[in-house]
Amino acid sequence: MRIAFTSTGKAWDSIIDSRFGRTEFIVIYNEKTQKLEVIDNSAIKSEAHGAGTATAQKMYELKPDVLITGNGPGETAARALKNLNMKIYVDAHNLTLEQAYEKYKNGALKQI
Amino acid sequence: MIKKRSLKIAIASGKGGTGKTLLSTNLAAFLSERESTLLVDLDVEEPNDLLFIKGNKVHAEEQYKMIPQWNESKCTLCGECTKNCKYHAIVQMGNFIAVFKELCHSCYACSELCPTGALPMQPHKMGETTEYTSSNLNFIESRLIVGEEQAVPLIHKTHKLVNEKFTNTKFQIFDCPPGTSCPVVAATENADFVILVTEPTPFGLHDLKLAVETMRKLEKRFGVVINRFGIGNNDVENYCQKEQIDIITKIPFDNEVAKYYSNGDLVYNKVDSMRNSLNEILDFLKNNFTTKSFKGFKSSEITTELNKCK
């Protein structure tokens, strides 16, 4: 399984970025190889419009199995993600990626 | 030959609830007692001038904007469209191209750059313009459909309608949306003059500053009307003085105004202070825009005036 996190940093102890569209980084943890893949999403800052769909487009390219985030994608982004076979878990605010991952493993994160 | 043209006045504010609609409707009705006047409600997300203007509906028109529609059989999934859309309104979902019309700005980039012509532009209904008339006053209400997210395309369409059908009106009053973002820029873009309505409160001042900054950036000629004068403090006046901004008139705070207004009535023919303020606005316009009592406006005169304010 490849698990994507919206993240404020590049490391396993970085804090979850509660935003989906405007997340600073997308960090993907590969459970098989136990390695992290980091995608810099910070260029989104300069985009006035369509951050949600732009990041959703990235998800189609990355194709993770699971997404763990904070607030959850907005309505438009959620519609854009619908066709992607990816489970979305939310409410991981203020957690490190590691803590969020543990919570997800324990079934304590909310799925939307 | 001197080409007659309309004097276009935009009523904007920055802060909401300062009295744009109050001033727009009363000023338009007041001016229409003298010269042919057009009132245009460009607050398309929540137009409400109609509450105060009792006219006969003469025409209604559906308004459309152009958005691309995916033609699956022509598409090669090359990705050019998603790469070129500045607004991220097109998402390639695997082998499916989705157009998010609420994000689309009708720029045609995807459609023009698609190598196989798989994204033809199609009309999409976004709103409606309705025309009313009562004696010397024409009125256009521009209304966005609930759920449509973009005011700008409809505002542009409404300007176009005005310029096609109402060139003979002497005064054109544009009731603008609040704020200082794209819809306000679009609503004021054709105006010869912008009246910024504010109130003498810290909130009023804060947002007036934003509105002034916007108008200066747009190189618009503008002046300030202080509504609800008498409440709050003197900071708005001091600010205007310091920035050398004309205070065209001050409309006194008056319970009577609020009473009539909340009944959907025009106020200027019932409350003297309101009529006085409108007279002051008319005098200001006369002094600044023409000589011979509005017999016609020369474009060159307005241009000269506009250049002065830069």
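A salt bridge here is a side-chain nitrogen of Lys or Arg within 4 Å of a carboxyl oxygen of Asp or Glu. A:R2 and A:E37 fit that rule, with their closest N and O atoms 3.5 Å apart. Keep in mind that this is a predicted model. Over all chains, the rule gives 19 salt bridges, and 1 of them runs between chain B and chain A. Below is a quick tour of that interface, some salt bridges within the chains, the sheet in chain A and a couple of individual residues.

**Where chain B meets chain A**

- On the contact count, 14 residues of chain B touch 11 residues of chain A.
- Together the two chains bury about 1,100 Å², and 60% of that is on carbon and sulfur atoms.
- Look at B:H88, B:M93 and B:F100 here: they supply 43% of the area that chain B buries against chain A, more than any other three residues.
- The salt bridge across the interface joins the side chains of A:R79 and B:E102, at 2.3 Å from N to O.
- There are also 5 residue pairs in polar contact between the chains, counting pairs with both residues at pLDDT 80 or more.
- On the side of chain B that touches chain A, strand β4 (residues 90–93) gives the most, with 4 residues.
- That side of chain B splits into 7 nonpolar, 5 polar and 2 charged residues.

**Salt bridges within the chains**

- Back to A:R2 and A:E37, whose salt bridge has its closest N and O atoms 3.5 Å apart: the pair ties strand β1 to strand β3 of chain A, across 35 residues of sequence.
- A:R2 has a relative accessible area of 22%, so it counts as partly exposed, and A:E37 is partly exposed too, at 35%.
- In chain B, B:K15 pairs with B:E199, again with the closest N and O atoms 3.5 Å apart.
- These partners sit 184 residues apart, B:K15 in the loop between β1 (7–12) and α1 (20–32) and B:E199 in the loop between β9 (193–198) and α6 (202–217).
- B:K15 counts as buried because its relative accessible area is 16%, and B:E199 is buried at 8%.
- B:K259 and B:E256 form a salt bridge with N and O atoms 3.4 Å apart at the closest.
- Both of these residues lie in helix α8 (residues 255–262) of chain B, 3 residues apart, or about one turn of the helix.
- B:K259 is exposed at 52% relative accessibility, while B:E256 is partly exposed at 34%.
- Shared partners also join B:K15, B:E199 and B:R228 into one salt-bridge network.

**The sheet in chain A**

- Chain A has an open sheet of 6 strands in the order β3-β2-β1-β4-β5-β6, with mixed pairing.
- Its edge strands are β3 (35–40) and β6 (110–111), each of which pairs on one side only.
- Strand β5 (residues 87–90) runs antiparallel to β6 and is joined to it by 2 bridges.
- A:Y89 stands opposite A:Q111 in β6.

**Two residues to click on**

- A:T6 is in strand β1 (residues 2–7) of chain A, and it counts as buried because its relative accessibility is 0%.
- The side chain of A:T6 makes a polar contact with that of A:T69, at 2.9 Å.
- Beyond four places in sequence, A:T6 touches residues including A:I16, A:F20, A:F25, A:L67 and A:L97.
- B:I247 is in strand β11 (residues 247–252) of chain B, and it is partly exposed, at 28%.
- Leaving aside neighbours within four places in sequence, B:I247 contacts B:V224, B:I226, B:E237 and B:C240.

Methods:
Residues are numbered from 1 along each chain as its sequence is written. Chains are lettered from A and ligands numbered from 1 in the order in which they are written. This is a predicted model: local features need pLDDT of at least 70, side-chain atom pairs count only at pLDDT 80 or more; totals for chains, interfaces and linings use all residues. Side-chain values use heavy atoms; hydrogens and water are left out. Contact means heavy atoms within 4.5 Å. Buried area is the accessible area (1.4 Å probe) that two parts lose on being put together, summed over both. A polar contact is a pair of N or O atoms within 3.5 Å; within protein, one must be able to donate a hydrogen and the other to accept it, and residues adjacent in sequence count only if both atoms are side-chain atoms. Ala, Val, Leu, Ile, Met, Phe, Trp, Tyr, Cys and Pro count as nonpolar, Asp, Glu, Lys and Arg as charged, and the others, Gly among them, as polar. Buried means under 20% relative accessible area, exposed over 50%, partly exposed in between (1.4 Å probe, protein chains only). Two strands pair if DSSP finds at least two bridges between them.
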